[in-house]
Amino acid sequence: MNRLFGTKNQAPKPTLDSAISNVDNRVSSIDVKLAALNSELSTYQTRLSKMRDGPGKTALRQKALKILQRRKQYEAQRDQLSQQSWNMEQANMMQDNLKNVMTTVDAMKTTTKTLKKQYGKIDIDKIERMQDEMADLMDIGNEINESISRAYDIPEDVDEAELDAELEALGEESLFENPMGDSEAVPSFLQDEVAPPSFVDEPPEQGKVKEAAGGVG
């Protein structure tokens, strides 16, 4: 049966990368052949330039023409292979781009599913209620701060006319306590502080003070 129908080919299928590599190797081998032909043509041209016209020069020219014809065939084959390699490279780049696009699409699908699961657990109404409760608490806190910072027995509004009257009254009281206008007089509210100490019982006698002063002289 195997002889009639053959066996299934188990060899792996070629890929674009392997096909491009094979074509590039063929192009490289053709380049080597073209280099050899160009060297041979250069030798024939040098010899032909030094030969006189005759049968020998004609025969050598025929050989050079055959080599030139072979070179053109190799060049045409090389151009075809280069075009094939370029087309396969373009197809390979398109395939890579398609893989990248599919990978991006799969990642976006996975991300979308994850976001749906995460956002599905969030209750917007609950968040709104929490925001309202927070606003109420802030209002209560402001009311508490205003309450505990309230001043006691201090008028909120002060009349400047009343302040001027009080200052004028204080000035009249100062003149009444010191009618002579003595600059060295002690104000009434400081008299207690500059009074003589309480441990002095009696003031010194004038005679003793004079005697003490004379003894010092």
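Modeller: A residue is called buried when its relative accessible area is under 20%, exposed when it is over 50%, and partly exposed in between (1.4 Å probe, protein chains only). This is a predicted model, in which local features need pLDDT of at least 70, side-chain atom pairs count only at pLDDT 80 or more, and totals for chains, interfaces and linings use all residues. Residues are numbered from 1 along each chain as its sequence is written, and side-chain values use heavy atoms, with hydrogens and water left out.

Biologist: What share of the chain counts as buried?

Modeller: Of its 217 residues, 8% meet that definition.

Biologist: What makes a group of residues the largest nonpolar core?

Modeller: A nonpolar core is a set of buried Ala, Val, Leu, Ile, Met, Phe, Trp, Tyr and Cys residues joined through side-chain atoms within 4.5 Å. The largest such set here has 15 residues, and V23, I30, Y44, A64, I67, Y74 and L81 have the most contacts inside it. Helix α2 (16-50) and helix α3 (55-120) each supply at least two of its residues, and α2 gives the most, with nine.

Biologist: Why are α2 and α3 called helices?

Modeller: They bear that name because helices are DSSP runs of H or I with at least four residues, numbered from the N terminus, whereas strands are runs of E with at least two. The chain has seven helices and zero strands.

Biologist: How do you know that the span of α3 is close to the expected one?

Modeller: The expected span is 1.5 Å times one less than the number of residues. For the 66 residues of α3 this is 98 Å, and the helix reaches 97 Å from its first C-alpha to its last.
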